[in-house]
Amino acid sequence: MVREAERALGVFISNHPTDNARRGRVAIGVLLVGLAFAAAATPMTFAIFAERAHAVRLTGLLWGAALIGIYGGVSNGLRTLRRHGEIFVLREQGLVYRRTGETRVLPWTAIRGVVERGQDHALGRLMGWDVHTVIRIRDGKRLLLTGYTEDAARLAIAIRTAVAANTP
């Protein structure tokens with residue numbers, strides 16, 4: 001049944017698998033960096049409260065970096081666990097999204113909008129943020145296309161263009 005619905009979207013254009021292993025490696029690395037910052041910030045925090053030390057700004061910066069690292073590691077780690085086998089299939093009349101246990105067949109008219117929030121710089125590319133495209137579906141759900149997906153920038157442009165052309 002899914003195959004028929006997929007074929008109804010017309011000619012196959014391209015497959016775009018997600019490098020989930022890379023996402024997992026980045027999650028572990030970012031989590032370790034966050035934990036290292038937390039380890040450095042903890043004794044400084046005790047010193048501030050115990051001795052009225054004046055390193056408040058530095059301690060705040062360390063805790064900020066720690067929380068960002070821990071959040072980034074945990075969120076990427078959860079995506080790694082939940083999105084095994086993630087692949088985007090571009091077809092002439094729509095998009096097919098697959099991951100283990102789920103397949104969505106989306107004609108262009110089923111997509112309400114596409115929002116790009118990418119950050120194309122060195123850190124962004126490392127973290128998979130260079131492409132961060134939110135695909136909003138008319139049923140209220142959404143898909144997230146990130147830089148971990150093969151040729152994500154080209155895919156994001158193709159999706160945006162097709163959705164714009166098929167929006168009444």
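**Exercise 1. Which pattern of helices and strands does the protein chain follow along the sequence?**

Solution. Step 1: take helices (H or I, at least four residues) and strands (E, at least two) as DSSP runs, numbered from the N terminus. Step 2: read along the sequence of this predicted model, the runs give α-β-α-α-β-β-β-β-α-β-β-α. Step 3: the count is five helices and seven strands.

Conventions: residues are numbered from 1 along each chain as its sequence is written, and side-chain values use heavy atoms, with hydrogens and water left out. In this predicted model local features need pLDDT of at least 70 and side-chain atom pairs count only at pLDDT 80 or more, while totals for chains, interfaces and linings use all residues.

**Exercise 2. Set the radius of gyration of the protein chain against that of a compact globule.**

Solution. Step 1: the radius is taken over C-alpha atoms, and the globule rule is 2.2 Å times the number of residues to the power 0.38. Step 2: for 168 residues the rule gives a value near 15 Å, but the protein chain has 20 Å. Step 3: the C-alpha trace spans about 70 × 30 × 30 Å along its principal axes.

**Exercise 3. Which elements supply the largest nonpolar core?**

Solution. Step 1: a nonpolar core is a set of buried Ala, Val, Leu, Ile, Met, Phe, Trp, Tyr and Cys residues joined through side-chain atoms within 4.5 Å. Buried means under 20% relative accessible area, exposed over 50%, and partly exposed in between (1.4 Å probe, protein chains only). Step 2: the largest such core has 19 residues, and F88, L95, W108, I111, L143, L145 and I159 have the most contacts inside it. Step 3: at least two residues each come from strand 2 (87-91), strand 3 (94-99), strand 5 (111-116), strand 6 (132-137), strand 7 (142-146) and helix 5 (152-165). Helix 5 gives the most, with six residues. Step 4: leaving aside neighbours within four places in sequence, L95 is in contact (heavy atoms within 4.5 Å) with residues including L9, F88, W108, I135, L143 and I159.

**Exercise 4. Describe the backbone and exposure of D151.**

Solution. Step 1: D151 is found in the loop between strand 7 and helix 5. Step 2: its phi is positive, about 55°, although D151 is not a glycine. Most residues other than glycine have a negative phi. Step 3: D151 counts as partly exposed because its relative accessibility is 39%.
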